[in-house]
Amino acid sequence: MNKDNPYYAVIFTSIQTETIKGYAEMANQMETLAKLQTGFLGIESAKNDIGITVSYWESLDAIKNWKQQTDHLIAQQKGRKDWYSWYKVRICKVEREYEFKS
């Protein structure tokens, strides 16, 4: 990620249904596909009672293009139909970042 310029984070928070057949495979496909998109910067994910996936993008246009990507649209429809009982998407501008590493 470019720490010198602002970039964007898409925060996808979700609760899954009990139907998980095919989910892991689709999630892996979407991550692989996202990495090929212009403007993609990175991804982080965690899952416990709720899932949180944060993807990072150079611009709002890059996010818009990803949302409208054909295979991603299919995955979104499948997610609403089968895999998620709830989700929320937040798009945030990251102005600054720092980290600690021991």
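Which residues of helix α2 (residues 60–67) are buried? They are Ala62, Ile63 and Trp66, where buried means under 20% relative accessible area, exposed means over 50%, and partly exposed lies in between (1.4 Å probe, protein chains only). Because these residues cover an arc of only 100° around the axis, they sit on the same side of α2; the arc is taken from the directions that run from the helix axis to the C-beta atoms.

Before we go on, a word on the ground rules. This is a predicted model, in which local features need pLDDT of at least 70, side-chain atom pairs count only at pLDDT 80 or more, and totals for chains, interfaces and linings use all residues. Residues are numbered from 1 along each chain as its sequence is written, and side-chain values use heavy atoms, with hydrogens and water left out. Helices (H or I, at least four residues) and strands (E, at least two) are DSSP runs, numbered from the N terminus.

Back to α2 and its surroundings. Its buried residues pack against β1 (7–16), α1 (23–35), β3 (51–57), α3 (70–83) and β4 (84–94), with contact meaning heavy atoms within 4.5 Å. In the loop between α2 and α3 you will find Gln68, which is partly exposed at 47% relative accessibility. From Gln68 to Gln29 there are 39 residues in sequence and 16 Å in space, C-alpha to C-alpha.

Now let us look at the strands. Strand β2 (residues 40–47) and β3 run antiparallel and are joined by 7 bridges; two strands pair if DSSP finds at least two bridges between them. Gly42 stands opposite Tyr56 in β3, and a hairpin of 3 residues links β2 to β3.

On the surface, Ile15, Ile50, Ile52 and Trp86 make up a nonpolar patch with about 300 Å² of accessible area together. Such areas come from the Shrake-Rupley method with a 1.4 Å probe, and for residues only the protein chains shown count as cover. Patches are made of residues with over 30% relative accessible area and no salt bridge, joining like charges within 9 Å and nonpolar side chains (Val, Leu, Ile, Met, Phe, Trp, Tyr) within 5 Å. One member of the patch, Ile15, belongs to strand β1 and counts as partly exposed at 33% relative accessibility.

How many salt bridges does the structure hold? There are 3, each being a side-chain nitrogen of Lys or Arg within 4 Å of a carboxyl oxygen of Asp or Glu. In helix α1, Lys35 and Glu31 lie 4 residues apart, about one turn of the helix, and their side chains meet in a salt bridge at 3.3 Å, N to O. Lys35 is partly exposed, with a relative accessible area of 49%, and Glu31 is partly exposed too, at 30%.

Helix α3 offers a similar spacing: Asp82 and Lys78 are both in α3, 4 residues apart, about one turn of the helix. Their side chains form a salt bridge at 2.5 Å, N to O. Asp82 counts as buried at 17% relative accessibility, whereas Lys78 is partly exposed, with a relative accessible area of 32%. Asp82 also meets Lys81 in a salt bridge, at 3.8 Å, N to O, and Lys81 counts as exposed at 67% relative accessibility. Through shared partners, the salt bridges join Lys78, Lys81 and Asp82 into one network.
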